[in-house]
Amino acid sequence: MKSRTDEPRLYLKPGHDRPVRRHHPWVFSGAMGRLEGSVEDGGLVEVFTFEGEWLARGYLNRRSQILVRLLTWDPVEAVDEAFWRHRLERARHARHALRLEEQTTAYRLVFAESDGLPGLIVDRYNDFLVLQSLTLGIERWKPLLVSLLQELLQPRGIYERSDVDVREKEGLSPQWGILAGEAPPPRLIILENGHRFYVDLLRGHKTGFYLDQRENRLRAARYLIGAGEVLNAFSYTGAFAVYALAAGARYVVNVDTSAEALALAAENLRLNGFGEDRFENIEGDAFEVLRRFHREGRRFDAVILDPPKFASSQAHLNRAARGYKDINLQALRLIRPGGALITFSCSSLVSPELFQKIVFAAAEDAGREVQILEKLSQSPDHPIRVTFPESEYLKGLICRVW
């Protein structure tokens with residue numbers, strides 16, 4: 001295939017073309033052989049093998065370890081307004097096919113590389129969209145993307161929450177604020193599987209709510225029917241607690257380091273009809289709180305662990321594994337025989353196989369017998385691209401503990 005001669009060309013080192021041929025969307029800086037032509041960071045380049053065979057087209061950023069994020073492997077597909085429109089429409093149709101709107105008003109509309117839109121996150125909350133621009137390439141196309149989202153979806157407003165650490169790796173500073181239309185209210189009530197939640201789109205974690213756990217909350221609730229006491233560690237704004245009590249659990253203890261998140265958790269529980277006699281909120285480090293519960297002899301019928309990402313790079317993986325093992329060990333010590341452990345990792349570097357080994361090691365140290373009842377992943381509006389294993393970041397286990 002011949003590209004237009006005026007397009008900048010990136011030639012890979014010998015032997016570095018296989019991932020691109022297999023449609024992995026990243027070209028790392030170590031794969032670069034030479035760059036021909038003038039291109040600013042964030043601009044488009046044609047990617048070639050060392051021998052000169054055309055492979056793909058994407059946008060470049062020399063400041064990032066991910067040198068090129070690939071957009072198309074079709075030699076005749078131009079990256080223009082029609083390209084972005086088609087990708088957004090495809091993502092919208094895919095979400096519509098999930099029929100989420102029947103009982104849910106908040107979901108992920110665009111999931112970056114998995115939707116062929118690397119660096120772009122768009123979440124829908126009722127009539128508002130929250131956008132995250134994670135890369136320099138997307139930042140350059142952002143005005144057009146905002147215009148297309150307005151045209152295709154007619155939201156009341158589009159709010160930016162590009163206040164994430166990953167932008168630093170792209171040479172970008174944090175950004176947030178109104179991109180189009182109205183600003184969302186300080187508190188928005190969303191519906192999820194028939195439950196209601198207050199969401200803070202302006203300051204909440206991620207884009208305001210852990211949308212990726214929606215299906216897991218529903219599946220976990222089946223194992224909490226009639227439970228006595230449930231411990232919800234790293235509880236954030238109490239979504240798992242609402243599902244637990246709605247399933248018939250008698251009492252939930254929420255543990256989180258954020259007093260603000262716990263206050264919103266209390267509001268969410270009351271919003272769904274649960275009074276102060278059904279829950280307890282404890283502000284503190286979950287590792288320390290669980291150790292204290294063990295010393296006090298406190299026991300639970302189920303423990304839910306939904307910690308933040310422990311591994312942000314390969315260098316942190318061993319430390320992250322130790323952290324996951326420790327928190328699962330502490331949880332296993334607190335569960336009554338026959339109770340449930342519902343445990344998660346959202347670190348993409350921790351594979352499902354490694355996570356299972358970590359839980360096994362924790363069970364061995366705790367002297368508990370553990371059965372895996374279900375293996376969990378992210379909700380289907382966060383699809384996993386088969387050529388991009390990094391998109392499978394959330395994994396979980398529902399276990400019976402003896």
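## Close-up views of the predicted model

**Figure 1. Ala-112 sits in the loop between β7 (106-111) and β8 (120-125).** Welcome to this structure, which is a predicted model. Our tour begins with the backbone: the phi angle of Ala-112 is near 45°, a positive value in a residue that is not glycine. Most residues other than glycine have a negative phi. Ala-112 has a relative accessibility of 6%, so this residue counts as buried.

**Figure 2. Lys-206 also has a positive phi, of about 55°, although it is not a glycine.** To find Lys-206, look in the loop between β13 and α4. With a relative accessible area of 37%, Lys-206 is partly exposed, whereas Ala-112 in the previous view is buried.

**Figure 3. Strand β1, residues 9-12, is covered on both faces.** On one side of β1 you will find Arg-9 and Tyr-11, and on the other Leu-10 and Leu-12; all of these residues are buried. Strand β1 pairs with strand β4 (residues 44-48) in the parallel sense, over three bridges. To pick out one of the contacts with β4, start at Leu-10, whose bridge partner there is Val-47. Strand β1 is also joined to strand β3 (residues 32-36), this time by four bridges and in an antiparallel arrangement. Here Leu-12 of β1 stands opposite Met-32 of β3.

**Figure 4. Phe-83 and Trp-84 make an edge-to-face pair.** The structure holds 15 aromatic pairs, and this view shows one of them: the ring centres of Phe-83 and Trp-84 lie 5.0 Å apart and the planes meet at 85°, so the pair is classed as edge-to-face. Both partners are tucked away from the surface: Phe-83 counts as buried at 2% relative accessibility, and Trp-84 counts as buried at 0%.

**Figure 5. Phe-197 and Phe-209 form a tilted aromatic pair.** Their rings are 5.2 Å apart from centre to centre, with 45° between the planes. Phe-197 belongs to strand β13 and Phe-209 to the loop between β13 and α4 (214-221), so the pair ties together parts that are 12 residues apart in sequence. Phe-197 is buried at 0% relative accessibility, and Phe-209 is buried at 3%.

**Figure 6. Five aromatic residues gather into one cluster.** The members to look for are Phe-234, Phe-287, Phe-310, Tyr-324 and Phe-355. Keep Phe-234 in mind, as this residue also appears in the lining of the largest cavity.

**Figure 7. The largest cavity encloses about 80 Å³ of space.** Rolling a probe the size of a water molecule over the atoms shows where empty space is left. The structure has three cavities of 30 Å³ or more. Residues lining the largest cavity include Phe-209, Tyr-210, Arg-217, Asn-232 and Asp-306, as well as Phe-234, Ser-235, Tyr-236, Thr-237, Gly-238, Ala-239 and Phe-240. Sorted by class, this lining has six nonpolar, four polar and two charged residues. Phe-209, met in Figure 5 as the partner of Phe-197, is among the lining residues here.

**Figure 8. The second largest pocket has a volume of about 200 Å³.** Its lining is made up of 14 residues, and those nearest the centre are Asp-200, Arg-203, Gly-204, Tyr-236 and Glu-260. Strand β13 (195-199) and helix α6 (259-271) each provide at least two residues of this lining. The biggest share comes from α6, with three residues. By class, the lining divides into five nonpolar, five polar and four charged residues. Tyr-236 links this view to the last one: this residue lies near the centre of the pocket and also lines the largest cavity.

**Figure 9. Two cysteines, Cys-346 and Cys-399, are shown without a disulfide.** A disulfide is a covalent bond between the sulfur atoms of two cysteines. The structure holds zero disulfides. For Cys-346, the nearest cysteine sulfur is that of Cys-399, 17 Å away. Seen from Cys-399, the nearest cysteine sulfur is that of Cys-346, again 17 Å away. A disulfide needs the two sulfur atoms to be within 2.5 Å. Cys-346 counts as buried at 15% relative accessibility, and Cys-399 is buried with a relative accessible area of 0%.

Conventions: Residues numbered from 1 in each chain as written. Predicted model: local features only at pLDDT ≥ 70, side-chain atom pairs only at ≥ 80, totals over all residues. Heavy atoms only, no water. Buried < 20%, exposed > 50% of the residue type's maximum accessible area, 1.4 Å probe, protein only. Pairing = 2+ DSSP bridges. 1 Å grid on protein atoms, 1.4 Å probe; cavity = no way out; pocket = protein on both sides within 12 Å on 5 of 7 lines; lining within 4 Å. Points joined across faces, edges and corners; volume = space filled by probe spheres on them. Nonpolar A, V, L, I, M, F, W, Y, C, P; charged D, E, K, R; others polar. Phe/Tyr/Trp six-rings, centres within 6.5 Å; stacked < 30°, edge-to-face > 60°.
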